[in-house]
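Got your viewer open? Let's take a short walk through this model, one selection at a time.

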Amino acid sequence: MSWMFLRDLLSGVNKYSTGIGRIWLAVMFAFCLLVYMVAAEHVWKDEQKEFECNSRQPGCENVCFDDFFPISQVRLWALQLIMVSTPSLLVVLHVAYRESREKRHRKKLYVSLATMDGGLWYTYLISLIVKTGFEIGFLVLFYKLYDGFSVPYLIKCDLKPCPNTVDCFISRPTEKTIFILFLVITSCLCIVLNFIELSFLVLKCFIKCCLQKYSKKP
Amino acid sequence: MDWGALHTLIGGVNKHSTSIGKVWVTVIFIFRVMILVVAAHEVWGDEQEDFVCNTLQPGCKNVCYDHFFPVSHIRLWALQLIFVSTPALLVAMHVAYYRHETTRKFRRGDKRNEFKDIEDIKKQKVRIEGSLWWTYTSSIFFRIIFEAAFMYVFYFLYNGYHLPWVLKCGIDPCPNLVDCFISRPTEKTVFTIFMISASVICMLLNVAELCYLLLRVCFRRSKRAQTQRNHPNHALKESKQNEMNELISDSGQNAITGFPS
């Protein structure tokens with residue numbers, strides 16, 4: 001899977017972010033994307049091959065694996081990385097729109113293309129809220145789909161065509177649990193950073209408005 | 001798997017590092033990342049496939065493998081490299097913040113005599129002093145802590161740095177104490193010892209860099225204290241000379257006025 005595009009996108013967004021936004025990008029890149037690319041993909045590579053049930057009934061393993069893993073954890077993780085990185089595109093698009101407007105009118109309309117004022121401030125705020133929403137949404141989905149954040153070494157399965165309640169063994173459960181916990185901790189860190197950035201932006205705007213009001217008063 | 005991005009990140013910080021820091025980056029990339037990418041993956045590629053237990057009981061192999069290898073060696077090394085490289089982000093962010101402030105002052109007109117234009121600010125090598133010294137020193141300190149922590153975790157998880165060729169396993173659902181055989185134990189031991197040695201070298205380089213930075217600061221402070229101590233003596237000598245000159249000129253005047261007409 002090629003993650004170069006996502007990496008380039010994240011580096012491109014860096015220019016238009018606030019200080020905390022840049023920290024978020026660094027955390028996202030170093031801990032989420034790099035750990036995923038370097039380690040996580042390999043841990044789940046042989047998940048179905050090494051999934052073993054204590055039964056020789058053909059089809060029993062397939063059915064039990066499908067029931068317990070409707071979507072593979074590593075694929076859900078990849079989807080989360082993509083969805084959480086894309087709201088930053090809104091900011092890039094808005095800056096590109098400003099640039100094209102200035103070119104069309106052939107005069108300087110903004111203090112600087114990347115200054116966070118007016119419409120760009122709202123775009124940045126919306127992108128932050130959507131990012132946080134996605135992070136929380138995916139964490140809740142993960143928890144609901146797999147009944148928690150730990151992977152058991154043994155599951156009991158009695159779906160047809162399994163003849164009775166059979167024991168099925170998952171491969172590398174401890175390693176998978178460690179990586180899922182790593183993902184959960186990084187997601188929580190990203191959510192906290194997003195909240196701090198949101199409050200910082202709203203507070204800064206509020207203080208600016210108050211100062212303007214007081215300076216206008218005679 | 002892409003280590004190029006990590007290389008770009010560390011390479012960027014490398015410009016502002018000390019010479020020992022530059023050696024550290026070379027050791028990390030040649031002896032650790034390259035070895036991990038080129039060799040370790042080939043050696044550990046079939047670790048679970050070729051892990052064989054002396055039983056036909058389904059699930060016994062999975063459970064025994066999971067018990068003896070909670071985290072695979074190569075994943076642990078990859079995590080170690082990522083964690084050890086991330087403190088460099090602190091330095092990168094500090095340098096970026098310093099450049100941002102300098103550009104802002106330049107635009108206001110404050111630092112026009114120091115730099116010709118904004119490109120000059122971006123190209124300038126930032127010196128490790130003041131608050132950047134603290135950031136750089138903290139990043140080296142965290143690097144040492146992470147290296148030591150991972151080496152300890154490795155030792156604790158695998159009961160040393162040597163891989164045995166047979167393990168005894170009696171965990172449910174294994175019916176009794178079964179023999180389980182690891183694939184390529186000697187080759188894995190060789191690579192493990194190589195990676196541990198490279199970790200130790202990196203840790204020693206970091207300790208040396210820390211000592212160098214501390215000594216440099218102490219040396220600078222003592223030099224400054226020395227010049228301050230010499231300066232008052234020099235001032236005293238000057239004022240005494242001035243007094244003598246005044247006396248000479250006064251006595252000269254008196255000599256002229258006292259000349260008998």
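How many helices and strands does chain B have? Select chain B and count along: there are eight helices and three strands. Keep in mind that this is a predicted model. Trace chain B from its N terminus and you'll meet its elements in the order α-α-β-α-α-α-α-α-β-β-α.

Stay on chain B and switch on a surface. About 15,100 Å² is exposed, with carbon and sulfur atoms supplying 62% of that area. Of the 261 residues in this chain, 43% are buried. Now look at contacts between residues at least 6 apart in sequence: in chain B, 76% of them join residues at least 24 apart.

Next, jump to chain A and select residues 134-201. UniProt, in an unreviewed entry, marks this stretch as "domain: Connexin cysteine-rich". Here the chain is 60% helix and 12% strand, and the C-alpha atoms at its two ends sit 20 Å apart.

Time to go inside. Select A:Tyr36, A:Phe51, A:Trp77, B:Trp3, B:Leu36 and B:Phe51: these have the most contacts within the largest nonpolar core, a set of 99 residues. Helix H2 of chain A (residues 19-43) gives this core its largest share, 19 residues.

Zoom in on A:Phe51. Leaving aside residues up to four places away in sequence, what does A:Phe51 touch? Its partners are A:Glu61, A:Cys64, A:Phe65, A:Phe69, A:Ile155, A:Cys168, A:Phe169 and A:Ile170.

For the last stop, pick B:Ala88, B:Val91, B:Val126 and B:Leu213. They are among the 13 residues of a second, separate core.

Note on methods. Residues are numbered from 1 along each chain as its sequence is written. Chains are lettered from A and ligands numbered from 1 in the order in which they are written. This is a predicted model: local features need pLDDT of at least 70, side-chain atom pairs count only at pLDDT 80 or more; totals for chains, interfaces and linings use all residues. Side-chain values use heavy atoms; hydrogens and water are left out. Helices (H or I, at least four residues) and strands (E, at least two) are DSSP runs, numbered from the N terminus. Buried means under 20% relative accessible area, exposed over 50%, partly exposed in between (1.4 Å probe, protein chains only). Contact means heavy atoms within 4.5 Å. Accessible areas come from the Shrake-Rupley method with a 1.4 Å probe; for residues, only the protein chains shown count as cover. UniProt positions are given in the numbering used here, feature names are shortened, and annotations may be inferred rather than shown by experiment. A nonpolar core is a set of buried Ala, Val, Leu, Ile, Met, Phe, Trp, Tyr and Cys residues joined through side-chain atoms within 4.5 Å.
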